[in-house]
Amino acid sequence: MRSHENVMDSIWFGEKGTLSNAKIKDHILKSSTETEVLFHLIELFKSGDFTQKPLLIQLMNRTEDDDVLKGCIQVFFSVATHEDIKEPTHFHFLSNATENIVHTFASAAITSLSLEIIPYLLALLEEWEEISETNMVIRDTIDYLIAYEEEIGEEASLDEIGDYYFNYCQVNNPEMYYFQQTWAFPGDLAKKMIERVMIAANHEEPLKMELIPSLLSIWTGEKVPGDYYTIISKGNYKDFIHYVNGFQSKEWARGHKYFYGYKL
């Protein structure tokens, strides 16, 4: 069993376990710390059982441990559906969140793949308007999700971004899941990763990709054979090609969201 100390094991949540769902739920009941509860919830989710998602949300809103809260936020956004995000009470913890927690929330929000997260980010932008670094983190996430800067400029006001978001939702389908303004699809991310791998291999450079390998690993339940710092060479670039060929043999629906191979 891997350590309970880190929710994210490098770029993902670790290998799938071998315990039955009943055994995992028993471990949850017998957990003596919040960290153990979170660890076992992740193991349950990796098995495709999301029935205990309310317990994750409860833990996220009740814990007083910042490390546990950060872990909960990361896991929540990876398994959250649009309906989960639409419910404001799920984000009660934001009412007294520290700057550090807001940074975690804004950064992790990208992995929600949901346009429904934007109103919460706009509310945080208004609340943290005077804190330049936090303001920038929130704006960067909103731009990553809906690309407002290209249309209305990076200095756009809160109201202008809000109006842009409203119009954006009119011409896009909020019921679908998005990555960089297109319907989320593992094959699209794989193509971008392989393009970078081939360039890096020619110069024996680090992969220098962080988000895409992480998302692919979490969506498919199969870890990408490298991370941001992995030096790509003629000796290992084929590992990435084999990886992509492996998961592309399965059926994936464009515009849907997955966690360890299970459609949410």
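The following exercises, each with a worked solution, concern the predicted model shown above.

Residues are numbered from 1 along each chain as its sequence is written. Local features of this predicted model need pLDDT of at least 70, side-chain atom pairs count only at pLDDT 80 or more, and totals for chains, interfaces and linings use all residues, while side-chain values use heavy atoms, with hydrogens and water left out.

**Exercise 1. Helix H4**

Task: Determine how the span of helix H4 relates to the expected value, which residue caps the N-terminal end of H4, and what covers its buried residues.

Solution.
Step 1. Helices (H or I, at least four residues) and strands (E, at least two) are DSSP runs, numbered from the N terminus. Helix H4 covers residues 66–79, which makes 14 residues.
Step 2. The expected span of a helix is 1.5 Å times one less than its number of residues. From first C-alpha to last, H4 reaches 20 Å, close to the 20 Å expected.
Step 3. For the cap, a polar contact is a pair of N or O atoms within 3.5 Å; within protein, one must be able to donate a hydrogen and the other to accept it, and residues adjacent in sequence count only if both atoms are side-chain atoms. The N-terminal end of H4 is capped by Asp 65, a side-chain oxygen of which lies 2.8 Å from the backbone nitrogen of Asp 67.
Step 4. Burial is judged by relative accessible area: buried means under 20%, exposed over 50%, and partly exposed in between (1.4 Å probe, protein chains only). H4 is mostly covered, with 10 of its 14 residues buried; among them are Val 68, Leu 69, Gly 71, Ile 73 and Phe 76.
Step 5. Contact means heavy atoms within 4.5 Å. The cover over the buried residues of H4 includes helices H2 (34–46), H3 (53–62), H5, H6 and H12 (211–220), together with strand E3 (258–259).

**Exercise 2. The surroundings of Asp 84**

Task: Decide whether Asp 84 is buried or exposed, and find the side chain with which its own side chain makes a polar contact.

Solution.
Step 1. Asp 84 is located in helix H5.
Step 2. Its relative accessible area is 12%, so Asp 84 is buried.
Step 3. Leaving aside neighbours within four places in sequence, Asp 84 is in contact with Lys 53, Phe 76, Val 79 and His 90.
Step 4. The polar contact is with the side chain of Lys 53, at 2.7 Å.

**Exercise 3. Aromatic pairs of Phe 91**

Task: Classify the aromatic pairs that Phe 91 forms with Phe 105 and with Tyr 120.

Solution.
Step 1. Rings of Phe, Tyr and Trp (its six-membered ring) pair if their centres lie within 6.5 Å; planes under 30 degrees apart count as stacked, over 60 as edge-to-face and the rest as tilted. This rule gives a count of 19 aromatic pairs.
Step 2. Phe 91 and Phe 105 lie 5.6 Å apart, centre to centre, with 85° between the planes, and the pair is edge-to-face. The two residues are 14 residues apart: Phe 91 in the loop between helix H5 (82–86) and helix H6 (99–108), and Phe 105 in H6.
Step 3. Phe 91 is buried because its relative accessible area is 5%, and Phe 105, at 0%, is therefore buried as well.
Step 4. Phe 91 and Tyr 120 form a tilted pair, 4.6 Å centre to centre and 55° between the planes. Tyr 120 belongs to helix H7 (residues 118–127), 29 residues from Phe 91, and both are buried.

**Exercise 4. The environment of Trp 183**

Task: Locate Trp 183 and identify what its side chain contacts through polar atoms.

Solution.
Step 1. Trp 183 is in strand E2 (residues 182–183) and, at 36% relative accessibility, counts as partly exposed.
Step 2. Beyond neighbours within four places in sequence, the contacts of Trp 183 include Met 176, Tyr 177, Asp 188 and Gly 255. Its side chain makes a polar contact with that of Tyr 178 at 3.2 Å.
Step 3. Arg 254 is 71 residues from Trp 183 along the chain, yet their C-alpha atoms are separated by 6.0 Å.

**Exercise 5. Positive phi**

Task: Establish where Leu 113 and Gln 180 are placed, and state their phi values.

Solution.
Step 1. Most residues other than glycine have a negative phi.
Step 2. Leu 113 has a positive phi near 60°; this residue is in the loop between H6 and H7 and is buried at 1% relative accessibility.
Step 3. Gln 180 has a positive phi near 50°; this residue is in the loop between strand E1 (178–179) and E2 and is partly exposed at 30% relative accessibility.
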